[in-house]
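Here is a short report on side-chain contacts, one helix and a metal site. Keep the structure open as you read.

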Amino acid sequence: MVEILVIEDELRVAQAIKTGLTKEGYRVTLASTGEEGFFKANERSHNLILLDLGLPGRDGIEVLSLLRQKGLKTPVLVLTARDGLEDRILGLDTGADDYLIKPFAFPELLARMRALLRRGKAEPQLLLQIEDLKLDVMSRDVRRGNKKLDLTLREFELLEYLLKHQGQMVSREMLARDVWKETMRATPLDNVIDVHMVRLRKKVDQDFEVKLIHTVRGVGFTLRKEAESK
Ligand code: CA
């Protein structure tokens with residue numbers, strides 16, 4: 001699960017970011033002061049930190065500087081209302097990886113985040129697993145218990161994506177973008193995705209008591225252990 005820490009004192013902005021990112025499948029933690037942000041950044045590891053520069057008390061630059069001094073390597077995307085060149089340079093000099101000037105368009109935030117998350121991915125996980133389902137990215141071997149699953153390339157990619165996002169909601173939009181890599185199609189891919197998902201589901205779940213792939217009505221799919229939400 002991709003964990004994002006958002007350090008932002010304006011509640012409305014923070015909530016809007018949280019809502020938007022949650023919809024995209026990220027897990028979001030909010031902090032509304034520099035101190036709280038510093039504490040939460042140290043408390044648990046995150047994949048990315050969104051940091052507002054204008055914070056009450058310890059400001060963003062101070063928080064960033066302290067985190068980098070402590071050796072924190074997490075990518076930091078600075079959000080700043082200040083369009084000053086000096087602030088941007090100061091932010092980057094202090095250890096920010098990128099910055100975005102407020103107000104920003106949400107798709108731009110997502111694009112910058114994806115770029116930073118890709119960069120931050122030092123060691124890709126090669127063996128993905130949930131319960132007794134195992135997928136080996138290198139050898140392309142997929143097994144459920146002792147049974148080898150014979151998947152098409154697309155089914156493999158779908159399952160790999162679900163495993164990387166296990167426990168999260170995966171929307172058809174995310175699948176179209178990240179698995180099919182087609183966002184500009186005139187007609188939605190929904191039916192194509194559903195057909196592949198039906199076949200994949202049969203192979204993964206049909207002969208097993210514990211179902212792993214679940215449909216979330218109106219949203220998409222989720223890979224998890226519970227047999228809830230048909
Ligand atoms: Ca602020």
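## Ground rules

A residue is called buried when its relative accessible area is under 20%, exposed when it is over 50%, and partly exposed in between. By that cut-off Glu3, at 12% relative accessibility, counts as buried. The model is a predicted one.

## A salt bridge across the chain

Glu3 has a charged partner. Its side chain meets that of Arg44 in a salt bridge, with 2.8 Å from N to O. The two residues sit in distant parts of the chain, 41 residues apart. Glu3 belongs to strand S1 (residues 3-7), while Arg44 lies in the loop between helix H2 (34-43) and strand S3 (48-52).

How accessible is Arg44? Arg44 is partly exposed, with a relative accessible area of 35%. Its partner Glu3 is buried.

## Other charged pairs

The salt bridges in this model number 20. Side chains of opposite charge can pair when their charged atoms come close. One such bridge joins Glu157 and Arg154, whose closest N and O atoms are 3.2 Å apart. Both residues are in helix H6 (residues 153-164). They are three residues apart there, so about one helical turn separates them. Glu157 is partly exposed at 26% relative accessibility. Arg154 is also partly exposed, at 26%.

Arg177 and Asp178 form another salt bridge, at 3.0 Å from N to O. Arg177 is partly exposed at 21% relative accessibility. Asp178 is partly exposed at 22%. Elsewhere, salt bridges with shared partners tie Glu8, Glu10, Asp52 and Lys102 into one network.

## Rings

How many aromatic pairs does the structure hold? The count is zero. A ring does have a charged neighbour, though. Arg58 lies over the face of Phe38, 5.5 Å from the ring centre.

## Helix H1

Helix H1 covers residues 11-23, which is 13 residues. From first C-alpha to last it reaches 18 Å, close to the 18 Å expected at 1.5 Å a residue.

Which residues of H1 are buried? They are Ala14, Ile17, Gly20 and Leu21. These residues cover an arc of only 135 degrees around the axis, so they lie on the same side of H1. An α-helix has 3.6 residues a turn, so residues three or four places apart point the same way. Leu11, Arg12 and Lys23 are on the other side of H1, and they are exposed. After the helix comes Gly25, which has a positive phi, near 95 degrees.

## The calcium site

Which protein donors does the calcium ion have? They are Asp9 (OD), Asp52 (OD) and Gly54 (O), at 2.2 to 2.3 Å from the ion. The spacing of the donor residues in sequence is D-x42-D-x1-G.

Two of these donors can be placed by accessibility. Asp52 is buried, with a relative accessible area of 3%. Gly54 is partly exposed at 38% relative accessibility. Asp52 thus has two roles in this account: a calcium donor and a member of the salt-bridge network with Glu8, Glu10 and Lys102.

How values were computed. Residues numbered from 1 in each chain as written. Predicted model: local features only at pLDDT ≥ 70, side-chain atom pairs only at ≥ 80, totals over all residues. Heavy atoms only, no water. Salt bridge = Lys/Arg side-chain N within 4 Å of Asp/Glu carboxyl O. Helix = DSSP H or I, 4+ residues; strand = E, 2+ residues; numbered from the N terminus. Buried < 20%, exposed > 50% of the residue type's maximum accessible area, 1.4 Å probe, protein only. Phe/Tyr/Trp six-rings, centres within 6.5 Å; stacked < 30°, edge-to-face > 60°. Lys NZ or Arg CZ within 6 Å of the ring centre and 35° of its normal. Expected span 1.5 Å × (residues − 1). Arc of directions from axis to C-beta. Donors = N, O, S within 2.8 Å, 3.2 Å for Na, K, Ca; no water.
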